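Welcome! Please take a moment to look over the sequence and the 3D view before reading on.

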Amino acid sequence: MQLQVKHQTTYRYDAPVSYTIQSLRLSPRPHHGLSVLSWRVQADGRRELPFFTDGFGNIVHSHSINRTHDCVTLLVEGEVETTDTAGILRGGAEPLPPAFYLRSTPLTVADAAIEALAAENGHGKSTIERLHRLMIAVRERLDYRLGATDVATTAAEALVRGVGVCQDHSHIFIAAARHHGIPARYVGGYLWTGVETQEYSASHAWAEAYVQDLGWVGFDAANCICPTAAYIRTSIGLDYSSAMPVRGIRRGESAEDLTVRVSVTAGAGDQ
């Protein structure tokens, strides 16, 4: 498939601020099943932003404004070519060993309820079968609902509420997988849903787990599917906080209004 992405993020402040600095993890790196045809990350209509590679292997663009301003606009545009690999990731940048992703974080602590969920779905002939059972169980326990959680909601809190978004599905899956001793990590990116005219107010997220003899395998618990050619990976981390698409700080006392518009479209031959 050939997929085109346009992602615009706009911050507006009710009073001018004097300084803003941001880091953006919004660029895919090639791997088997994904080739980057073109990609650019810009801010306020200026030239493309400088970038570096972080410890997880993510491409991170940097942006700063050292003058008075009341608005910031970030624009990501790109095109990739993808093929379906049944969710199996090969040929990607892997600066860290799989065992690193056994580490728990505040967002992915496995409390008693998550441990019980893991135990209930820990039976199977193979690791991959257990992970598929876990993915289905997470989706059954957590209904998809916008606005019910936020970026600080932990896996344990989301499971108690029984509602959340893809970030919460991923955190619960990761926490339960790690409880089983399976390395698991958070993945941020984009998803083509097949609805060409629809814009979204956020990018997408899923998880990857490490399976012996297969490597890293993706699990999108929110949609109960392993990633297909419709998925574009742009960041990985231990949880949302380390794979966050945009992180920043500003200097000044003001309220912030955030608008995000994301569209993912496919080439004419892929629809």
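What follows is a short tour of this predicted model, from the whole chain down to single side chains.

## The chain as a whole

Let's start with the overall build. The chain has 15 strands and five helices. Its C-alpha trace spans about 60 × 45 × 35 Å along the principal axes. A compact globule of 271 residues would have a radius of gyration near 18 Å, and the chain, with 19 Å, agrees with that.

Half-and-half is a handy way to remember the burial: 50% of the 271 residues count as buried. The accessible surface comes to about 12,400 Å², and carbon and sulfur atoms account for 51% of that area. If you take the contacts between residues at least 6 apart in sequence, 75% of them join residues at least 24 apart.

## Two aromatic pairs

How many aromatic pairs does a search of the whole structure find? There are nine, and two of them are worth a visit here.

In one pair, the ring centres of W39 and Y190 are 6.3 Å apart, and the planes meet at 45 degrees, so this pair is tilted. The pair links distant parts of the chain: W39 belongs to strand β3 (residues 34-43) and Y190 to strand β10 (residues 184-191), with their positions 151 residues apart in sequence. Both W39 and Y190 are buried.

The rings of W206 and Y231 have centres 5.0 Å apart and planes at 85 degrees, so they make an edge-to-face pair. Here, too, distant parts of the chain are linked, since W206 is in strand β11 (residues 204-211) and Y231 is in strand β13 (residues 231-237), 25 residues apart. W206 and Y231 are both buried.

## An aromatic cluster and an arginine

Next, find F56, F100, Y101, Y210 and W216, which form one aromatic cluster. R185 meets this group through its charged end, which sits over the ring of Y101 at 5.2 Å from the ring centre. The charged end of R185 also sits over the ring of W216, 3.8 Å from its centre.

## A histidine in helix α4

Is H171 buried or exposed? Its relative accessible area is 0%, and because buried means under 20%, H171 counts as buried. This histidine lies in helix α4, which covers residues 166-179.

Which residues surround H171, once its neighbours within four places in sequence are left aside? H171 is in contact with L107, T108, T153, A155, Y186, D239 and Y240.

Definitions and conventions: Residues are numbered from 1 along each chain as its sequence is written. This is a predicted model: local features need pLDDT of at least 70, side-chain atom pairs count only at pLDDT 80 or more; totals for chains, interfaces and linings use all residues. Side-chain values use heavy atoms; hydrogens and water are left out. Helices (H or I, at least four residues) and strands (E, at least two) are DSSP runs, numbered from the N terminus. Buried means under 20% relative accessible area, exposed over 50%, partly exposed in between (1.4 Å probe, protein chains only). Contact means heavy atoms within 4.5 Å. Rings of Phe, Tyr and Trp (its six-membered ring) pair if their centres lie within 6.5 Å; planes under 30 degrees apart count as stacked, over 60 as edge-to-face and the rest as tilted. A charge sits over a ring if NZ of Lys or CZ of Arg is within 6 Å of the ring centre and within 35 degrees of the ring normal. The radius of gyration is taken over C-alpha atoms; the globule rule is 2.2 Å times the number of residues to the power 0.38. Accessible areas come from the Shrake-Rupley method with a 1.4 Å probe; for residues, only the protein chains shown count as cover.
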